[in-house]
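Student: Could you take me through one part of this model closely, namely the place where the two chains meet, together with the open and enclosed spaces around that place?

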Amino acid sequence: MARAPKKKPLTTTQKRYQEKVRKLQPRPTLFRNAILAFITGGIVCVIGQFITDLYKMLLGLSSAEAGNPAVATMIFIGALLTGLGVFDNLAKYAGAGLAVPVTGFANSVVSSALEFKREGLVLGVGSKMFMLAGSVITFGVVTAFFIGLIYAIFIY
Amino acid sequence: MGKKVGKQTFVIDTQPAIINTATVVGPFEGKGPLKEYFDHIYTDNLAGELSFEKAEKEMMLNACFTALTKAGKTPQEIDLFLAGDLLNQIITSGFSALELTIPFLGLYGACSTSAEGLAIASMIIESGCASNILVATSSHNSSAERQYRYPTEYGSHKKPFSQRTVTGAGAAIVSKEGNGPKITHVTIGKVEDLACKDPLNLGAAMAPAAASTLVQHFADTGRGPEYYDLIVSGDLGKFGHQLAIELAISQGGFDLSKNFKDCGLMLYDLEKQDVHAGASGCASSAVVTYGYLYKKLLDGTYKRLLLTATGALHSPISCQQGENIPSIAHSVSIEMI
């Protein structure tokens with residue numbers, strides 16, 4: 001068993017310094033970030049909706065059926081913009097507006113894959129691709145399992 | 001013979017000279033206000049190489065060979081090569097030393113390496129073991145980002161106190177004899193830990209080390225901040241610089257507000273270039289001191305310079321395991337005598 005890390009209490013000097021840092025630290029522009037994220041996130045959703053409707057019209061799919069290809073298209077756009085080096089420049093302003101939708105997931109996978117291309121296909125791209133997205137997948141699967149379990153218990 | 005004064009300062013009696021220096025920077029740094037003072041500005045972040053690590057090595061080698069050429073020396077005339085960088089196992093320095101074929105000692109002091117190199121070189125010369133020493137250090141924005149932070153194309157918000165790792169390299173030749181600014185005192189820092197944990201806020205983590213080494217330097221030498229024309233820190237950034245000034249007052253009563261600058265604030269145009277709090281990385285203090293300030297010492301603008309380069313001694317692993325970020329700073333007095 002790994003020993004639980006013990007938290008060392010802060011000395012007075014450390015405490016005083018941390019208070020000073022907290023007081024003087026420049027604040028992130030939270031309000032501006034939230035507004036920008038709200039707007040850009042909304043735009044991403046509008047594009048997603050547009051693509052869904054397009055698939056419904058062109059391919060004659062139902063709303064439920066058009067969802068998956070639409071998501072795949074959004075992932076493709078996110079990946080393409082990452083590859084072209086545009087995504088990170090957009091995300092600088094958009095922040096969570098681009099990170100929360102599926103585009104952010106695509107960006108985290110593709111940027112990692114690109115970054116570790118030079119370490120080879122197996123030890124680089126293959127293993128480092130999910131460096132950032134790995135936790136999302138892991139905890140997504142774990143959460144889905146428990147939700148499924150609860151669902152099964154309550155239905156039967 | 002050199003001696004120790006006070007607690008952490010060493011007087012260098014032989015006063016070795018920095019006979020020549022060379023600096024190279026990446027394209028982004030080449031757009032900054034100090035662009036005229038660098039020997040070479042790369043037009044490509046990859047420097048014509050296949051990876052960012054190879055590019056960083058190319059930059060360090062270029063700086064070393066340029067410094068040698070400018071000083072009119074061959075690698076055979078150099079007794080020792082002291083170098084360090086930010087990459088794991090300081091590969092840039094090791095691979096550069098392989099091509100330079102000069103006996104090599106690796107340094108690791110994170111961003112304090114520029115001052116650590118000068119300090120160790122002058123102490124070795126003082127001992128009489130060597131007469132010509134080449135010191136070098138480098139950092140590369142892309143190779144550092146991928147090791148310490150995120151992939152380059154990953155989209156994320158930067159905090160206002162985050163800093164940009166400098167792409168570039170600096171080299172200097174320290175000699176027992178020769179013309180140039182002389183190294184007279186070195187103050188070797190102690191590792192400080194004031195419980196900072198955020199690896200994106202290194203200015204705050206390193207400010208205590210800068211203040212503690214500076215206060216100790218003034219106490220050991222009996223010189224006040226006013227003795228120097230300029231005191232520079234390596235890469236504290238806007239926020240860390242401000243904290244260091246406050247700490248120097250509260251810890252030692254020294255007023256740094258008049259002649260204390262930060263290389264990390266001089267290298268970029270903070271208004272026009274999107275760098276948040278300023279520059280960071282080994283190359284920040286190296287290219288500014290070995291490039292800009294060295295030339296300003298030679299042309300007489302400054303006569304007495306105190307370089308205090310700070311380094312954060314953390315790794316991504318130590319941060320993930322919840323450790324604080326320890327930091328260090330070394331001071332080197334460089335004077336025109």
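Tutor: What follows goes from the interface to the pocket, then to the cavities, and ends with the salt bridges. Please keep in mind that this is a predicted model, and that every value below is computed from its atoms.

To begin with the extent of the interface, 33 residues of chain B are in contact with 33 residues of chain A, and the two chains bury about 2700 Å² between them, of which 59% is on carbon and sulfur atoms. On the side of chain B, the three residues B:Arg146, B:Glu153 and B:His157 supply 26% of the area that this chain buries against chain A, which is more than any other three residues supply.

The polar part of the interface can be described in pairs: 12 residue pairs are found in polar contact across the interface of chain B and chain A, both residues being at pLDDT 80 or more. In terms of secondary structure, helix H4 (141-148), helix H5 (202-221) and helix H6 (237-252) of chain B each supply at least two residues of the side that touches chain A, and the largest share, six residues, comes from H6(B). Sorted by class, that side of chain B has 17 nonpolar, 10 polar and six charged residues.

As for charge pairing, the count between chain B and chain A is four salt bridges. One of the salt bridges in the model joins B:Arg146 to A:Glu119, with the closest N and O atoms 2.8 Å apart; B:Arg146 is also one of the three residues named above for their share of the buried area.

Turning to the open space, the largest pocket has a volume of about 1300 Å³, and among its 48 lining residues the closest to its centre are A:Asp88, B:Thr152, B:Glu153, B:Tyr154 and B:Lys158. Its lining draws at least two residues from each of helix H3 (63-83), helix H4 (87-94), helix H5 (96-99) and helix H6 (102-115) of chain A, and likewise from H4 and strand E8 (164-165) of chain B. H6(A) gives the most, with seven residues, and the lining as a whole divides into 16 nonpolar, 20 polar and 12 charged residues.

Of enclosed spaces there are two cavities of 30 Å³ or more, and about 70 Å³ of space lies in the largest cavity. Its lining includes B:Glu145, B:Arg149, B:Lys158, B:Pro199 and B:Ser280, and by class that lining has three nonpolar, three polar and three charged residues. B:Lys158 thus appears both in this lining and among the residues closest to the centre of the largest pocket.

Finally, over all chains the count comes to 14 salt bridges. One of them joins the side chains of A:Lys56 and A:Asp53, at 3.9 Å from N to O; because A:Lys56 and A:Asp53 are three residues apart in helix H2 (residues 30-59) of chain A, they are separated by about one helical turn.

Key
Residues are numbered from 1 along each chain as its sequence is written. Chains are lettered from A and ligands numbered from 1 in the order in which they are written. Side-chain values use heavy atoms; hydrogens and water are left out. Contact means heavy atoms within 4.5 Å. Buried area is the accessible area (1.4 Å probe) that two parts lose on being put together, summed over both. A polar contact is a pair of N or O atoms within 3.5 Å; within protein, one must be able to donate a hydrogen and the other to accept it, and residues adjacent in sequence count only if both atoms are side-chain atoms. Helices (H or I, at least four residues) and strands (E, at least two) are DSSP runs, numbered from the N terminus. Ala, Val, Leu, Ile, Met, Phe, Trp, Tyr, Cys and Pro count as nonpolar, Asp, Glu, Lys and Arg as charged, and the others, Gly among them, as polar. On a 1 Å grid over the protein atoms alone, a cavity is a set of points where a 1.4 Å probe fits but cannot get out, and a pocket is an open set with protein on both sides within 12 Å along at least five of seven lines; lining residues have an atom within 4 Å of a point. Grid points are joined across faces, edges and corners, and a volume is the space filled by probe spheres set on the points.
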